[in-house]
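Reader: I am in my first year and new to reading structures. Could you take me closely through the aromatic rings in this one?

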Amino acid sequence: MLNLKPAIVRLFLFMKQIHLFFSNTGEYTPVIIPYTAKNKFYLLPELDCKNSMPFNSNRFLYPEMSVLGIDEIKRLSTNYSVSSTRQRILFQADHSFEEYRQKFDIIQKHLQRGDIYEVNFCIEFYAENVIINPYATYLNVLERLHQPFSAFVRWGDWFLITASPERFLQKTGNKIISQPIKGTAPRGKNAKEDQWLKENLKNSVKDISENIMIVDLVRNDLSKIAKRDSVKVSGLCEVYTFESVHQMISTVEAELKDDICFDHIIEATFPMGSMTGAPKFSAMKIIDNLEKSSRGLFSGSVGYLDQNGNFDLNVVIRAIQYNAITGYLSVWAGGAITVHTTAEKEWEECHIKANSVIQILNGIIDGR
Amino acid sequence: MESLTADKFKSILDRWLPGYLEKRFLLAVSGGVDSMVLLELMRQVLPHDRIYVAHVNYGLRGKDSDLDEKLVRNTASQHHLFALFKKVDLKKMAENNQKGIQELAREIRYQWFEEIRQHHQCDFIVTGHHFQDNAETILLNLLRGSGLKGIMGMQILDQQRRLFRPLLQVRKQEILAFAERNKLEWREDKSNQENYYQRNFLRNQIAPLLEKINPKWQEHVNQTAMVAGEYFSFTHEVFQYVLTDGKIMKKDGMEIVDKALIREMNHPALFFYHWLNPYGIRWDQIQYLLEKGMYSTETRNLTLNNKKQLVIDRKHFILTESQTLNEKIFLQLDIRASGEISKPFKLRWEIIDIKEFDFNFDKDPRVAYIDYGKLEKSILIRHWQPGDSFIPLGMKGRKKLSDFFIDQKLNEEEKKNTWIFLSENNIFWVAGYRIDQRFRVNPLQTQRIIKFYLLE
């Protein structure tokens, strides 16, 4: 077990009040970056609590790379006040389909006017008065979804559990890589079907165009902090196969300029294009106007920073946000909306993505 | 000597708080042996997510204070307990304050604990006070001139203040023995060994002498406290009965007592004490009520804590909620001409033509200069409401008033008492702090200036 030193919190504001919390002592320092386009936290309670230091780093992050180790989490799971429950949880979507379609049409107008090429519009599925054991849920998530960028965060009464498959940024020495994911297909029931689905994804015009748009955006972001001519796309639209899905992943690499620190990198690249859209700030404005509540940590990032300034950060998706006092449980999901898609298809995609997490909680979405 | 164990601790919890496993506790941990033992015991009997740890660093002892904090941090971390820390520059705060440094520290501490207790919906604030502490408290209360309640000392369970002191009947030696058996780490408060504070003087100088008179003085003082407690609850019960006997009239949430009835009483002081004790009346205030209040012909006002006030008019004593009065106040002020008001606070305003103005701005924050032309002729004055925002002078963007107050380091009470001036729903002055950028005096445009003074 790595011994983390107490965290020092810095509040970092830019553009639309994106709050970046990180600490700067210890061997590995956890990093949490919430996406707060709506200028307020809704699940993270007032983090400042006046003059107190809200983050105590050991409890701050349990990424799968194991700051604490899985045994520790198991122990904490049994020492939690709620033993795991098997209650059926009923989730509501924050939009009705009609509302969703109206917003989809507004987005289509923006797309046709050329304000944006693509936007990642998300909806929230929530349940109230739920009692779960977040540690047990996390263990469950690890076992069932087995994703490389899973993470667990606790702040007081508030928990984040993410089974993220996606890397946001990794820095090793002066090399930085980003691996945006766009384009997902389910696994087949047999080898033949599986192969067919994979081929289908490989050749899907919609997925390829979405992916390339994001790659362009990432290249643009990285070029702000990279040495001249060092931004390279080392893998374009490659399809990888995971336990439950096939995914189209691209890899963009760059060599950092000298004197670039963590703050600069985050400022240039956050929030990630795959969760906002292109061009990024127009897309964020639209998200800000159309989404109903604040995303909280969803589509933010969790990761760690080491003493040499190397770091690895994920994209918080497939995530559960839970307030243990109010019993509010929230799962966000969304999809990239371009001119090539329909409201029905995107609505369905949101449900499929949310469901992958909700089924682990033994939950169902109302009306389905 | 009975020894302190997790099982014994469980039985204490069971006795005072049946169902304690369902509750949340905010532990006040200083890093001293009492609170570290408390933390260890709580940790052994409760799930980790039910325990919240809070520590205040007053910075009074420099590096030592930081080491205390570090110990609490590390221990909380080690057991995965959620911990909150607050740093206060107590010396600096004490300079601008009448109160003694210890009293101020206590005030800050409990105010903050209560804040986080509510925030995290904890049921109780738990402290490590023990047997010896209680004996000392009682003696000190006695020297300070306290009533029966002071002689009672501390309570294990104080429902009203949401305080729980499970170690109050536990001897210091048991606590030390537990700490050693469990190989706990703790920090000795160096200032305890100096005779700087009253309590320490009592502990280090007087207690050994008392020991000579009676080695069991602590037991006896605690015993007296128990007896006093019994009498207190008895008289309180009796008093409830007497009270319901038509002395207090209840009307619209107010409690009214006729002065004539009090004149007939044999023990008016006790009457006041039991009536107003829940609202924190002190004996010196009771004395004031009996000597001055009873015979005053003009209306007087006595502020009690718990948001209550006692209004004394010619014929009655009236207990009302001072806070709700405040919160509901919406004041419409006609500012077509210069004038002044004295209620609910003293305010004077003057309208000045720009030609007569010498541009000598008074720097006092209680004075505001506003562009008269930008104001409605009837302005609104009220207290802060959630969601209020304005553009503080010198800034470009809007700022939430709640954030502004935090920047100004106002406490809850000050926040609530601040007056906000509005014209057409726009805040133009946060009285006593800052005016709004949009309403400032602009020498090129402004024709008339309105100058507000906050008096007192």
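Author: What follows is a look at ring pairs, then at charges over rings, and last at a pocket. Keep in mind that the model is predicted.

Start with the total. Over all chains, a search of the whole structure finds 38 aromatic pairs. Two of them, in chain B, deserve a slow look.

Take B:Phe357 and B:Tyr369. Their ring centres are 5.6 Å apart. The planes meet at 50°. Edge-to-face needs over 60 degrees and stacked needs under 30, so this pair counts as tilted. Now place the two residues. B:Phe357 is in the loop between strand 14 (347-353) and strand 15 (367-371) of chain B. B:Tyr369 is in strand 15 of chain B. The pair therefore ties together parts that are twelve residues apart in sequence. Are these residues buried or exposed? B:Phe357 has a relative accessible area of 10%, so it is buried. B:Tyr369 has 6% and is buried too.

Next come B:Trp384 and B:Phe405. Here the centres are 6.5 Å apart. The planes stand at 75°, so the pair is edge-to-face. B:Trp384 lies in the loop between strand 16 (378-383) and strand 17 (389-390) of chain B. B:Phe405 belongs to helix 15 (residues 401-407) of chain B. This pair ties together parts that are 21 residues apart in sequence. B:Trp384 is partly exposed, at 23% relative accessible area. B:Phe405 is buried, at 1%.

Rings can also join into groups. In chain A, ring pairs link A:Tyr80, A:Tyr135, A:Tyr138, A:Phe152, A:Phe159 and A:Tyr322 into a cluster.

Some rings have a charge over them. The charged end of B:Arg73 sits over the ring of B:Phe85, 3.9 Å from the ring centre. Likewise, B:Lys259 has its charged end over the ring of B:Phe317, 5.6 Å from the centre.

Finish with the second largest pocket. Its volume is about 960 Å³. Of the 44 residues lining it, the closest to the centre are A:Thr184, A:Arg318, A:Glu349, A:Ile352 and A:Lys353. Which element gives the largest share of the lining? Helix 9 of chain A does, with ten residues. Several other elements of chain A supply at least two residues each, including helix 3 (134-145), strand 9 (181-186) and strand 16 (328-337). By class, the lining has 18 nonpolar, 14 polar and twelve charged residues.

Key. Residues are numbered from 1 along each chain as its sequence is written. Chains are lettered from A and ligands numbered from 1 in the order in which they are written. This is a predicted model: local features need pLDDT of at least 70, side-chain atom pairs count only at pLDDT 80 or more; totals for chains, interfaces and linings use all residues. Side-chain values use heavy atoms; hydrogens and water are left out. On a 1 Å grid over the protein atoms alone, a cavity is a set of points where a 1.4 Å probe fits but cannot get out, and a pocket is an open set with protein on both sides within 12 Å along at least five of seven lines; lining residues have an atom within 4 Å of a point. Grid points are joined across faces, edges and corners, and a volume is the space filled by probe spheres set on the points. Helices (H or I, at least four residues) and strands (E, at least two) are DSSP runs, numbered from the N terminus. Ala, Val, Leu, Ile, Met, Phe, Trp, Tyr, Cys and Pro count as nonpolar, Asp, Glu, Lys and Arg as charged, and the others, Gly among them, as polar. Rings of Phe, Tyr and Trp (its six-membered ring) pair if their centres lie within 6.5 Å; planes under 30 degrees apart count as stacked, over 60 as edge-to-face and the rest as tilted. Buried means under 20% relative accessible area, exposed over 50%, partly exposed in between (1.4 Å probe, protein chains only). A charge sits over a ring if NZ of Lys or CZ of Arg is within 6 Å of the ring centre and within 35 degrees of the ring normal.
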